[in-house]
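Reader: I have a protein open on my screen and would love a close look at one part of it, with the surroundings filled in as you go. Could you walk me through the cysteines and what lies around them?

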Amino acid sequence: MKLSCFILTKNNARSIRYALESVHNYVDEVVIVDSGSTDATLDIAREYTDRIFYNELVDFSEQRNFAIKKCRGEWIFFLDADEVVGENFTDAFKYFDKRYRSLLMPRYSIIKY
């Protein structure tokens, strides 16, 4: 079982490191889909992954679909650039081979950073 995580970004330099730090040790790949960051977002993202793609933002459903197509894992987790996964994130992994089609994974929004 391979788990991909995608994060949609645009000018998230203040929070992206928190998101990436929280998830990168638990997933097989991190995919970043950026819609034109002009801050340090992509520099920070490059410290964690080389799977970084540009896609102009039309709407969030199109952006998510673009990201899904870039993921190579059997399971795909999406995380906002201002969220972190919870301490019990890996507890959900035991359900991956139970024939579920989707799972809700724990995460927390960053309020102040």
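Author: Happy to. The sulfur of Cys5 lies 7.9 Å from the closest cysteine sulfur, that of Cys71, and this is too far for a bond. Seen from the other side, Cys71 also finds its closest cysteine sulfur in Cys5, at 7.9 Å, so no bond forms there either. A disulfide would need the two sulfur atoms within 2.5 Å. The structure therefore holds zero disulfides, given that cut-off. Please keep in mind that this is a predicted model.

How accessible are the two cysteines? Cys5 has a relative accessible area of 0% and is buried. Cys71, at 11% relative accessibility, counts as buried too.

Now to the surroundings of Cys5. Cys5 stands opposite Val30 in β2. Strand β1 covers residues 3-9, and six bridges join β1 to β2, the two strands running parallel. To get from β1 to β2 the chain passes through α1, and this β-α-β crossover is right-handed.

On that path, in the loop between β1 and α1, you will find Asn11. Asn11 has a positive phi of about 55°, although it is not a glycine. Most residues other than glycine have a negative phi. With a relative accessible area of 34%, Asn11 is partly exposed.

The strand that Val30 belongs to deserves a moment of its own. Six of the six residues of β2 are buried, so β2 is largely enclosed by the rest of the structure. Glu29, Val31 and Val33 point one way from the strand, while Val30, Ile32 and Asp34 point the other way, and all are buried. On to the next strand: three bridges join β2 to β3, and these strands run parallel. Here Ile32 stands opposite Ile52 in β3. The chain crosses from β2 to β3 through α2, in another β-α-β crossover that is right-handed.

Strand β1 has a second partner as well. Four bridges join β1 to β4, and the two run parallel. Phe6 has Phe78 as its bridge partner in β4. The faces of β4 are not alike: Trp75 and Phe77 make up the covered face, whereas Ile76 and Phe78 make up the uncovered one.

Back in β2, which charged partners does Glu29 have? One is Arg51: the two form a salt bridge, with the closest N and O atoms 2.9 Å apart. This pair links distant parts of the chain, since Glu29 belongs to strand β2 (residues 29-34) and Arg51 to the loop between α2 and β3, 22 residues apart. Both Glu29 and Arg51 are buried. The other partner is Arg72, which forms a salt bridge with Glu29 at 3.3 Å between the closest N and O atoms. Arg72 lies in the loop between α3 (60-70) and β4 (75-78), and Glu29 in strand β2, so this pair ties together parts that are 43 residues apart in sequence. The two ends of that bridge differ in their surroundings: Arg72 is exposed, with a relative accessible area of 59%, whereas Glu29, at 8% relative accessibility, counts as buried. Through these shared partners, salt bridges join Glu29, Arg51 and Arg72 into one network.

A search of the whole structure finds four salt bridges. One of them brings together the side chains of Arg17 and Glu47, with 2.7 Å from N to O. Arg17 sits in helix α1 (residues 16-23) and Glu47 in the loop between α2 (41-46) and β3 (52-54), so the pair, 30 residues apart, links distant parts of the chain. Arg17 counts as partly exposed, at 33% relative accessibility, and Glu47 counts as exposed, at 52%.

To come back to your starting point: Cys5 is buried and stands opposite Val30, while its closest cysteine sulfur, in Cys71, is too far for a bond.

Key: Residues numbered from 1 in each chain as written. Predicted model: local features only at pLDDT ≥ 70, side-chain atom pairs only at ≥ 80, totals over all residues. Heavy atoms only, no water. Buried < 20%, exposed > 50% of the residue type's maximum accessible area, 1.4 Å probe, protein only. Pairing = 2+ DSSP bridges. Right-handed = clockwise from strand over helix to strand, strands pointing away.
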